[in-house]
Amino acid sequence: MKQALFAVLLYLELSTRVVAAPICAYGQTGCHAPSLVDLFDRVIQQSARMHGISSDLHSEFEQFFFPMKNLIGKRRCHTHGILTPGDKENAQRLGREQLTEVILRLLGAWGDPLSQLHRSMSQDQNQDFNHYSSNKALEISGMVHDLREGVAIMAEKMKRLGVLGNTVGYVSPGSLVHSSAFSFHKQGELNSMDHHDLLYCFRRDSNKVNNYLRILKCTTLPGLDC
């Protein structure tokens, strides 16, 4: 377990600052234990990068497959059952515990759909774009997993510092949204419109995660320039 947490923190290390000792989660002997500010900065940077990739992929997908169609409309994403604040003011009114759990639930709900998206795109040998996009979907899938682990580590740090209640736990993926609940789920291959809807919904949710992490940092660490 400690080795896994150590690997996650190394993966999330996006800063160019060089430290003398290796980074670890709980400050074992010989390790550099990151501060809560460091952990927030890492997960926010990672979530921003994840959202940027998802936005680019969604835009490129639309331009490639649907250049002449107006696809603006109301979609029912599979995460619609996860209650999320609709704006900054409502997010700020949520307690830190509630906002942390919303972030963990959103990230946990995307493991299976992104894997499904990658498999579906990689099986389509007729479109050159799908080879590129399936690799990006696989990259995003890995980023979601690592970011969720990073947020869980950050939450544990917050608990130890007394700024987060012990009621916040690691939300089990089994308690989240199952693939049978996908509004776009089919008993067969996904088509281009299904791929588009998945990318649209993930772009929306990844933006929420990034915004919520920024708000959580500001409400947890007052005095910062937010």
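A crossing of two helices is called left-handed if the near helix is turned anticlockwise from the far one by less than a right angle. Keep that in mind as we walk through this structure, which is a predicted model.

Let's start with helices α2 and α7. Their crossing is left-handed. Two packed helices are described by the angle between their axes and the distance between the axes. For α2 and α7, the angle is about 155° and the axes lie 9 Å apart. Angles over 145 degrees count as roughly antiparallel, and α2 and α7 are therefore roughly antiparallel to each other. The residues that make up this contact are a mixture: 15 are nonpolar, twelve are polar and five are charged.

To see one piece of this pairing, look for R203, which sits in helix α7. Leaving aside neighbours within four places in sequence, R203 is in contact with H51, S54, S55 and H58. The C-alpha atom of R203 is also separated by 8.5 Å from that of G52, although these two residues are 151 residues apart along the chain. Is R203 buried or exposed, or something in between? Its relative accessible area is 26%, so R203 counts as partly exposed, since buried means under 20% and exposed means over 50%.

Helix α7 has another partner to visit. This helix, residues 192-220, also packs with α5, residues 111-123, at an angle of about 145° and with the axes 11 Å apart. Here too the crossing is left-handed. On the α5 side, the contact is made by P113, L114, L117, S120 and M121, while α7 brings H195, L198, L199 and F202. Sorted by class, this contact has seven nonpolar residues, two polar ones and no charged ones.

Now let's turn to the largest nonpolar core, which has 46 residues. Which helices supply at least two residues each? They include α2 (36-65), α4 (96-108) and α6 (128-160), along with the α5 and α7 we have already met. The largest share comes from α2, with ten residues.

Within this core, V151 and M154 touch the most other members. M154 is a good place to pause and look around. Setting aside its neighbours within four places in sequence, M154 is in contact with L36, L39, F40 and V43, and also with L213 and L216.

Terms used: Residues numbered from 1 in each chain as written. Predicted model: local features only at pLDDT ≥ 70, side-chain atom pairs only at ≥ 80, totals over all residues. Heavy atoms only, no water. Axes fitted to C-alpha atoms, helices over the stretch in contact; angles between N-to-C directions. Helix = DSSP H or I, 4+ residues; strand = E, 2+ residues; numbered from the N terminus. Contact = heavy atoms within 4.5 Å. Nonpolar A, V, L, I, M, F, W, Y, C, P; charged D, E, K, R; others polar. Core = buried A, V, L, I, M, F, W, Y, C linked by side-chain atoms within 4.5 Å. Buried < 20%, exposed > 50% of the residue type's maximum accessible area, 1.4 Å probe, protein only. Parallel < 35°, antiparallel > 145°, perpendicular 65-115°, else oblique.
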